[in-house]
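Me: Please take a close look at a single part of this model, the residues that the UniProt entry lists for "binding site". Where do they lie, and what are they in contact with?

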Amino acid sequence: MAELIGRDLLSLADLSPTELQELLQLATQLKSQQLQLQCNKVLGLLFSKASTRTRVSFTVAMYQLGGQVIDLNPNVTQVSRGEPVQDTARVLDRYLDILAIRTFAQQELETFANYAKIPVINALTDLEHPCQVLADLLTVQECFGNFAGLTLTYVGDGNNVANSLMLGCALAGMNVKIATPSGYEPNASIVEQARAIANNKTEVILTHDPELAAKGAAVLYTDVWASMGQETEADDRLPVFQPYQISEPLLSLADPDAIVLHCLPAHRGEEITEAVIEGSQSRVWQQAENRLHAQKALLASILGAK
């Protein structure tokens, strides 16, 4: 993966289809311990949003590679006191080898990347969640062997996960359907970007009909109906999104061998039922574990671990 050394990952669109497949292959080798890689580097985590899986998986991945992690909680750094992003970026550039940022605005992430010479990874913004989708694709690959002919259906809010899923599925060569209520569609420019990547070889479909989207799908995927920063909208969103719940009736419309994914945390009884998330078709915990392996592969590739 020499071509990824020193590069940023701000969006899944930063990868080529070949680079994506090589990352997934490396993640598989690291997970199975067929391959052992080491790099004595320092990862900084600058997280302005709450995190469980992203924080822990990045930390464990870096430790397993033989590196170190510094948790740069904004509340205990000068970021919380208004230090400009470009100043923080140029300082951290002189201390760290790589930086993962979890924040609200994609523009803030891009400003960091512009001012820091070290690689910057998008650990979640309001626009995209690329590291999550690397783990999602690894899970699909483990379950089905390849992506050819598969359809992933996402139902719910057209949020950052939906945006990255469109790009990731297009890169992987898999059909993707996004079913949202009217007015909650994914980012229009990313829809067009994903369709350009798919290049008519696979489909990127938007619909407001969750049942139509679920029919024959190999993967049913959902996320919370109100993302971080939208908590005040949660009660108003409930009746709008209720038809988009992944329930047993909706799952019955998918392929009989379909799997269910959720990026977590889950609000059981809202976007997904208890029976489905705990059911035999759920691969949610495998998916969560794969955050570790996918991010370890990403870190190893960008840092040139040997």
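Reply: What follows goes through the listed positions as a group and then takes two of them in turn. The model is predicted, and the annotation comes from an unreviewed UniProt entry, which lists N160, D223, S227 and M228 for "binding site". These four residues span 69 residues in sequence, yet no two of their C-alpha atoms are more than 11.6 Å apart, so they gather at one spot. The lining of the largest pocket includes N160, D223, S227 and M228.

N160 is found in helix α6. With a relative accessible area of 7%, N160 is buried, because the cut-off for that class is under 20%. Neighbours within four places in sequence aside, N160 is in contact with a run of residues: L124, T125, D126, L127, E128 and H129. One of these contacts involves the backbone: the side chain of N160 reaches the backbone oxygen of T125 at 2.8 Å.

M228 sits in the loop between β8 (219-222) and α9 (234-241). Its relative accessibility is 29%, so M228 counts as partly exposed, whereas N160 is buried. Again leaving aside neighbours within four places in sequence, M228 is in contact with K49, A50, R102, F104, L124 and D126. L124 and D126 are also among the residues in contact with N160.

Helix α6 (160-172) has a further role in the packing: what covers the buried residues of α1 includes α6, along with α5 (130-144) and α12 (284-303). The buried residues of α1 are E19, L20, L23, L24, L26, A27 and L30. They cover an arc of only 160° around the axis, which puts them on the same side of α1.

Technical notes. Residues are numbered from 1 along each chain as its sequence is written. This is a predicted model: local features need pLDDT of at least 70, side-chain atom pairs count only at pLDDT 80 or more; totals for chains, interfaces and linings use all residues. Side-chain values use heavy atoms; hydrogens and water are left out. Buried means under 20% relative accessible area, exposed over 50%, partly exposed in between (1.4 Å probe, protein chains only). Helices (H or I, at least four residues) and strands (E, at least two) are DSSP runs, numbered from the N terminus. The arc is that of the directions from the helix axis to the C-beta atoms. Contact means heavy atoms within 4.5 Å. UniProt positions are given in the numbering used here, feature names are shortened, and annotations may be inferred rather than shown by experiment. On a 1 Å grid over the protein atoms alone, a cavity is a set of points where a 1.4 Å probe fits but cannot get out, and a pocket is an open set with protein on both sides within 12 Å along at least five of seven lines; lining residues have an atom within 4 Å of a point. A polar contact is a pair of N or O atoms within 3.5 Å; within protein, one must be able to donate a hydrogen and the other to accept it, and residues adjacent in sequence count only if both atoms are side-chain atoms.
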